Amino acid sequence: MTRVFSPYFDPEFDSLSERINGPPCRVTFDNDSLADCTIVKIDCVNKQAQLLDVVQVLTEVNLTISKGYISSDAGWFMDVFHVKDGNGKKVTDQSVINYIQQTIGSNRGAASKLTTQKSKLLNTEPTAIEMTATDRPGLFSEISAALTDLHCNIVEAHAWSHNARLACVAYINDQSSDTRIDGHRLAAIEHHLNTILHASTTPENTYLQSSTQHKDVMSTGFIPGGSEGTMTTVERRLHQLLLSVHDFDVPPTRAAVSPTPGISLEVDPEGDQEAEKASVMIENCAEKGYSIVTVQCKDRRRLMFDTVCTLADMQYVIPHASVDSHGGYAFQEYFVRKIDGGPLRTESEKQHAMKCLEAAVERRVCEGIRLEVSANNRVGLLSDITRVLRENGLVVLRADLATKMDKCVDITFYVRDIFGNKVDMEFVKSMKREMGLIELAVKNEKVVKPNSTSATKPRFSIGDIFKSQIERLSHSLVTYM
């Protein structure tokens with residue numbers, strides 16, 4: 001009998017590199033150290049835009065970041081975040097914990113590309129259309145009506161308005177077959193939408209169009225860098241679109257007359273006015289070659305995601321950072337370099353970065369009221385609802401539409417009166433009767449105004465953050481030994 005020998009492979013050989021050098025990414029959750037929040041520690045090999053990827057994952061699962069310490073020296077990325085879930089409690093849902101641990105450090109881009117290729121082969125994935133324009137009352141209604149007239153079904157849509165600019169991402173497919181729209185027809189849709197977006201000819205709009213020459217409608221097929229329109233991926237794209245049309249520049253006529261929609265001033269019952277505008281400062285640390293960017297503003301959800309998105313889109317690297325919130329205020333400190341390795345050297349660079357960060361904070365803050373609409377999906381639903389809003393003198397500042405598996409549609413609008421007046425609730429109730437068989441909930445959302453006598457703005461010094469980095473580095477070394 002002939003004896004056949006085969007090579008022996010140690011089953012632990014594949015993990016040899018990890019056992020020698022440590023795991024490529026380790027995410028741990030600590031619910032014991034603090035009474036009111038969960039500590040998330042992340043240790044992994046550093047890569048470009050690593051901080052943005054981490055913050056995006058935490059934001060995707062609706063976690064609120066109350067504190068954070070970030071360091072990425074010597075090719076290693078170490079983060080500590082204090083987080084709470086959507087109900088303001090510790091993170092105890094094991095499915096959320098598993099998702100974060102599996103997603104951080106994984107190749108999200110490769111997975112997204114694979115999903116995209118499969119969807120194209122099946123011809124089922126809706127086409128993403130991106131739009132930017134000079135905003136005007138009723139424009140979002142005109143866009144939704146045009147898509148209905150062109151026999152497009154709007155599967156999902158998101159729109160932001162800021163400083164008289166509108167950015168919109170809509171997922172559409174064929175109205176009759178629920179399949180992807182072919183290239184020839186898509187070109188006709190783009191042409192028709194461009195005609196609508198350029199329809200306004202007021203002096204203010206002429207100024208805006210001349211300062212931001214670009215293609216206003218673009219069909220991308222899929223949102224770059226994301227998978228099938230996850231909320232944070234779409235929001236990141238909206239940030240990029242508004243940045244591309246210079247929404248950080250306030251139109252001259254509005255700057256002289258009144259606050260712009262969705263930003264500026266909050267009026268309290270005593271008649272005092274407090275600016276919503278973020279305080280942004282930039283100074284250079286010559287010894288370390290950093291520019292130190294500090295952002296102070298009222299705290300809110302997704303604030304860190306918005307600022308980190310904008311810093312990444314401006315091609316800045318963030319080796320170190322600290323964030324904190326207390327008493328309704330948020331303080332963020334970022335140590336940044338340009339992608340070529342240097343700090344922000346000129347005053348014009350600093351002023352541009354400050355304006356962009358102010359805009360990033362302001363985009364999500366909306367005056368007016370929030371309308372939540374739920375209805376069975378049908379052809380022209382969004383067009384009909386936005387037409388009723390427009391005819392009743394309401395301006396859409398922000399909109400989010402999503403279709404569920406059972407063909408129900410959830411739509412959230414942030415609206416205000418066209419003249420900036422307070423929206424009459426009785427007026428909204430009569431509008432609900434006009435809309436017919438839909439569910440409409442009205443919420444008055446106000447940014448929490450901290451008590452000025454008791455609230456203190458949190459502040460970290462440069463020494464504090466480097467001290468915390470040394471402590472974390474020591475802890476990591478002890479852990480790996």
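**Packing, pairing and a few odd phi angles**

Student: So α5 passes α12 with a left-handed crossing. How are α5 and α12 oriented, roughly parallel or roughly antiparallel?

Tutor: A crossing is called left-handed if the near helix is turned anticlockwise from the far one by less than a right angle, and right-handed if clockwise. The axes of α5 (residues 139-149) and α12 (residues 381-391) come within 8 Å and cross at roughly 150 degrees; axes are lines fitted to C-alpha atoms, for helices over the stretch in contact, with angles from 0 to 180 degrees between N-to-C directions. Under 35 degrees counts as roughly parallel, over 145 as roughly antiparallel, 65 to 115 as roughly perpendicular and the rest as oblique. That makes the α5 and α12 arrangement roughly antiparallel.

Student: Before we go on, what kind of model is this?

Tutor: Residues count from 1 along each chain as its sequence is written, and side-chain values use heavy atoms, with hydrogens and water left out. Local features need pLDDT of at least 70 and side-chain atom pairs count only at pLDDT 80 or more, while totals for chains, interfaces and linings use all residues, since what you have here is a predicted model.

Student: α5 also packs against α6. What handedness does that crossing have?

Tutor: Helices (H or I, at least four residues) and strands (E, at least two) are DSSP runs, numbered from the N terminus. α5 and α6 (residues 183-197) pack at about 155 degrees, with axes 10 Å apart. That makes α5 roughly antiparallel to α6. As for the handedness, α5 passes α6 in a crossing that is right-handed.

Student: In what order do the strands of the open sheet run?

Tutor: Strands pair here if DSSP finds at least two bridges between them. The edge strands, each paired on one side only, are β1 (25-30) and β11. Neighbouring strands are turned by 20 degrees against each other on average, direction ignored. The eight strands pair antiparallel in the order β1-β2-β4-β3-β13-β14-β12-β11.

Student: How many bridges join β12 and β14?

Tutor: On one side, β12 meets β11 (residues 279-285) through seven antiparallel bridges, with E283 opposite I292. Towards β14, C297 in β12 stands opposite A330. β12 and β14 are also antiparallel, and their bridges number eight.

Student: Which residue in the β11-β12 hairpin has a positive phi?

Tutor: The hairpin has four residues between its strands. A phi near 75 degrees turns up there, and the residue that takes it is G289.

Student: What geometry does the aromatic pair have?

Tutor: Rings of Phe, Tyr and Trp (its six-membered ring) pair if their centres lie within 6.5 Å; planes under 30 degrees apart are stacked, over 60 edge-to-face and the rest tilted. A search of the whole structure turns up one aromatic pair. Y290 and F335 have ring centres 5.8 Å apart and planes at 75 degrees, so the pair is edge-to-face.

Student: How far apart in sequence are the parts that this pair ties together?

Tutor: Y290 and F335 are both buried, where buried means under 20% relative accessible area, exposed over 50% and partly exposed in between (1.4 Å probe, protein chains only). Y290 sits in β12 (residues 290-298) and F335 in β14 (residues 329-338), so the sequence separation is 45 residues.

Student: How many residues of α2 are buried?

Tutor: The buried ones include L51, L52, V54 and V55. The helix spans residues 50-60 and is largely enclosed by the rest of the structure, because the buried count out of eleven is nine.

Student: Is N163 buried or exposed?

Tutor: N163 lies in the loop between β6 (152-162) and β7 (165-174). Its phi is near 50 degrees, positive in a residue other than glycine. At 2% relative accessibility, N163 counts as buried.

Student: And Q315, what is its relative accessible area?

Tutor: Q315 is in the loop between α10 and β13 (316-326). Phi of Q315 is positive too, near 65 degrees. Q315 is partly exposed, its relative accessible area being 42%.

Student: How many disulfides are there?

Tutor: C37 is buried at 4% relative accessibility, and C309 is buried at 0%. A disulfide is a pair of cysteine sulfur atoms within 2.5 Å. By that rule, the disulfide count is zero.
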